[in-house]
Amino acid sequence: MRILVADPDKTRRRRLAERLAALADVIISDLCSDLTETFNAVEHRPPTLALLAEELTRRPEFEMMEILFRTLSVRWTALAARQGAPGLDPEGDDAALAEGLRRCLVGGRLPPPTAGAGLLRAVDPSGADRLILIGSSTGGVDALLRVLGSFPADCPPTLVVQHTGAAYSAGLARLLDRNVVPDVREAAEGEVPAFGRILIAPGAEAHLVLENAATLRCRLKAGDRLSGHRPSVDALFHSAVPVARRVTAALLTGMGRDGAEGLLALRQAGARTIGQDRATSVVYGMPGAARDLDAVDQELPLSAIGPALLKATQRIRA
């Protein structure tokens, strides 16, 4: 049994690792102090079981961590913060600790992989006249998996701004790429959006924007935070206003207002716009703000957004 231990407290981490290593059939695969280290370790050396300090599971970035666990079929559990609390008790005796590990391995079921993962389809070179833009924040990783999971290999060029920490955008791109049919990568400076490709805004040092020159290209533009974020959904949406009639844009679950004004500008310029509804949003802030501004053509449940984006781009082409 390969076990990963993640705990910001060095003393607790080391003490638990020593106790686990003394148990029969247990190998400590990695010791991690934060979620960035944990994500990288799990991605490259998936353990049988991950044990995480409860405080790590409460952080916003844990959404991505949990989806990676699901993708790689890695079981995980939180470490109880105190005796009698939910989770594995790291302070129990050896017999109780061993029994707790056994329960973690056999109890519960892992969710199934995202539908469509790993499928291969031929890419149709048509469709460069269409563009999909998506913005999301809190709850957005799982929402993106649902939306992009409905896209075929020949999907229209798609650009995504998901609010993540600087260390997580590359991991997000790899996570999505494992679970959806089109190619997913971080956007690069000067890259031309292409059919069958989904580009994720990279890092936290620049905004992902579109430059409408002879050829539409991605630019990574330095600048202050917009709507409290960098990269900002508003920055991407506003940059696409000159080509709005080629655009279908969606604003998914998220806290705050980022993307609402940009979505309104796109709609006023002729783009088709979609907002996630309240019932299926983890946080209704961003799509709710867009609805209040009358920036949304259609407000839809999460399950309907992917098909609606594709249908709208088919009408653009026609």
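How many bridges join strand S1 to S2? In this predicted model, the count is five, and the two strands run parallel. Strand S1 covers residues 2-6, and one position along this pairing is easy to find: Leu4 stands opposite Asp30 in S2.

The pair belongs to a wider arrangement, an open sheet of four strands with parallel pairing. Read across the sheet, the order is S2-S1-S3-S4. Strand S2 (27-32) and strand S4 (75-79) have a single partner strand each and stand at the edges, so one side of each is left without a neighbour in the sheet. From one strand to the next, the twist averages 20°. Helix H1, made of residues 10-21, packs on this sheet. Its contacts take in S1, S2, strand S3 (49-53) and S4, and the direction of H1 makes about 175° with that of S2.

A helix pair offers a second place to look. Helix H2 (residues 35-44) and helix H7 (residues 169-179) have axes that come within 11 Å and cross at roughly 35°, and the crossing is left-handed. On the H2 side, the contact is made by Phe39, Asn40 and Glu43; on the H7 side, Gly171, Arg174 and Arg178 take part. Sorted by class, the residues in the contact of H2 with H7 comprise one nonpolar, two polar and three charged.

Conventions
Residues numbered from 1 in each chain as written. Predicted model: local features only at pLDDT ≥ 70, side-chain atom pairs only at ≥ 80, totals over all residues. Heavy atoms only, no water. Pairing = 2+ DSSP bridges. Axes fitted to C-alpha atoms, helices over the stretch in contact; angles between N-to-C directions. Contact = heavy atoms within 4.5 Å. Left-handed = near helix turned anticlockwise from the far one by under 90°. Nonpolar A, V, L, I, M, F, W, Y, C, P; charged D, E, K, R; others polar.
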